[in-house]
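Please open the structure in a viewer and keep the sequence beside it. The tour below proceeds from one selection to the next.

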Amino acid sequence: PVSRFLYCGERGPGSPGRSCRSGETWYCPGGPSFRMLAPDAGETLPGTDGSCVLLVTVVGVRLLLPGDIVAGRERELVQRLGDALGAEWLLAGHHGSLTSSSHAWLKTVQPATVVFSSAYASRFGHPHARVVERVAARGASTLATAASGALIFEFAPGKPMKIVRYRQRVRRFWM
């Protein structure tokens with residue numbers, strides 16, 4: 001059972017959980033650390049710009065999870081946080097839509113790998129071809145759940161990260 005959760009945006013009175021708050025940090029003993037980068041306490045942002053932006057560090061590897069923020073919000077965070085956004089792994093904002101993963105964002109984060117989380121044959125066309133081109137121009141490699149299915153990242157001290165691609169592990173006859 002879940003005893004506590006964080007969410008973005010506003011909830012009605014009596015709703016369980018609470019809003020994300022930048023600066024909040026928590027650790028798992030001997031494991032990953034989590035640091036909320038946005039939104040700031042009391043900051044009310046419309047729509048997807050209110051997404052929780054989370055930095056996860058596991059065995060020295062930084063993963064940035066920006067939710068569904070768009071380019072304007074990315075620019076605000078780049079100006080405010082700068083190098084603190086740096087991460088080896090980046091989950092592409094808003095599933096790789098054209099509204100996110102701007103040049104300034106990618107230049108600041110400097111990811112070695114960008115993960116696109118989107119459905120197979122997405123009706124929205126995610127990830128957008130121009131976003132994939134922007135990522136490639138920065139020299140980052142990419143992974144996409146549309147092609148790989150679910151991705152599992154396994155971390156162990158002293159070992160390289162292992163990536164398990166669901167569609168490779170569980171082959172269906174129609175794939």
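Is Phe34 buried or exposed? Phe34 is buried, with a relative accessible area of 18%; buried means under 20% relative accessible area, exposed over 50%, and partly exposed in between, with a 1.4 Å probe and protein chains only.

Before the next selection, some conventions are needed. This is a predicted model, in which local features need pLDDT of at least 70 and side-chain atom pairs count only at pLDDT 80 or more, while totals for chains, interfaces and linings use all residues. Residues are numbered from 1 along each chain as its sequence is written, and side-chain values use heavy atoms, with hydrogens and water left out.

**The whole chain**

Display the chain as a cartoon. It has five helices and 11 strands; these are DSSP runs numbered from the N terminus, helices being H or I of at least four residues and strands E of at least two. Of the 175 residues in the chain, 38% are buried. The exposed area is about 10200 Å², and carbon and sulfur atoms supply 55% of it, by the Shrake-Rupley method with a 1.4 Å probe, where for residues only the protein chains shown count as cover.

**The sheet**

Select the seven strands that form an open sheet in the order β3-β4-β5-β6-β7-β8-β9, with mixed pairing; two strands pair if DSSP finds at least two bridges between them. At the edges are β3 (25-27) and β9, each pairing on one side only. Neighbouring strands of this sheet are turned by 20 degrees against each other on average, direction ignored. Axes are lines fitted to C-alpha atoms, for helices over the stretch in contact, and angles run from 0 to 180 degrees between N-to-C directions.

Now zoom in on β8 and β9, which run parallel and are joined by four bridges. Thr113 has Ser141 in β9 as its bridge partner. Add α3, which packs on the sheet and touches β8 and β9, contact meaning heavy atoms within 4.5 Å; the direction of α3 makes about 165 degrees with that of β8. Select Ala144 next, in strand β9 (residues 141-144). Ala144 is partly exposed, at a relative accessible area of 22%.

**The cores**

Show the side chains of Leu64, Leu77, Leu85 and Trp105, the residues with the most contacts inside the largest nonpolar core, which has 21 residues. Such a core is a set of buried Ala, Val, Leu, Ile, Met, Phe, Trp, Tyr and Cys residues joined through side-chain atoms within 4.5 Å. Elements that each supply at least two residues of this core include β4 (33-38), α1 (71-81) and α2 (103-109). Centre the view on Leu64: among the residues that it touches are Leu37, Val53, Trp89 and Val109. Another core, of 13 residues, lies apart from the largest one and includes Cys52, Leu63, Trp89 and Val115.

**The aromatic pairs**

The structure holds two aromatic pairs. Rings of Phe, Tyr and Trp (its six-membered ring) pair if their centres lie within 6.5 Å; planes under 30 degrees apart count as stacked, over 60 as edge-to-face and the rest as tilted.

Return to Phe34 and add Trp26: this pair is stacked, with 5.4 Å centre to centre and 15 degrees between the planes. Trp26 is partly exposed, at 28%.

Finally, select Trp89 and Phe153, an edge-to-face pair with 5.3 Å centre to centre and 75 degrees between the planes. Trp89 lies in strand β7 (residues 89-91) and Phe153 in strand β10 (residues 151-154), so the pair ties together parts that are 64 residues apart in sequence. Trp89 counts as buried at 11% relative accessibility, whereas Phe153 is partly exposed at 26%.

Note on methods: Lists of a residue's contacts leave out its neighbours within four places in sequence.
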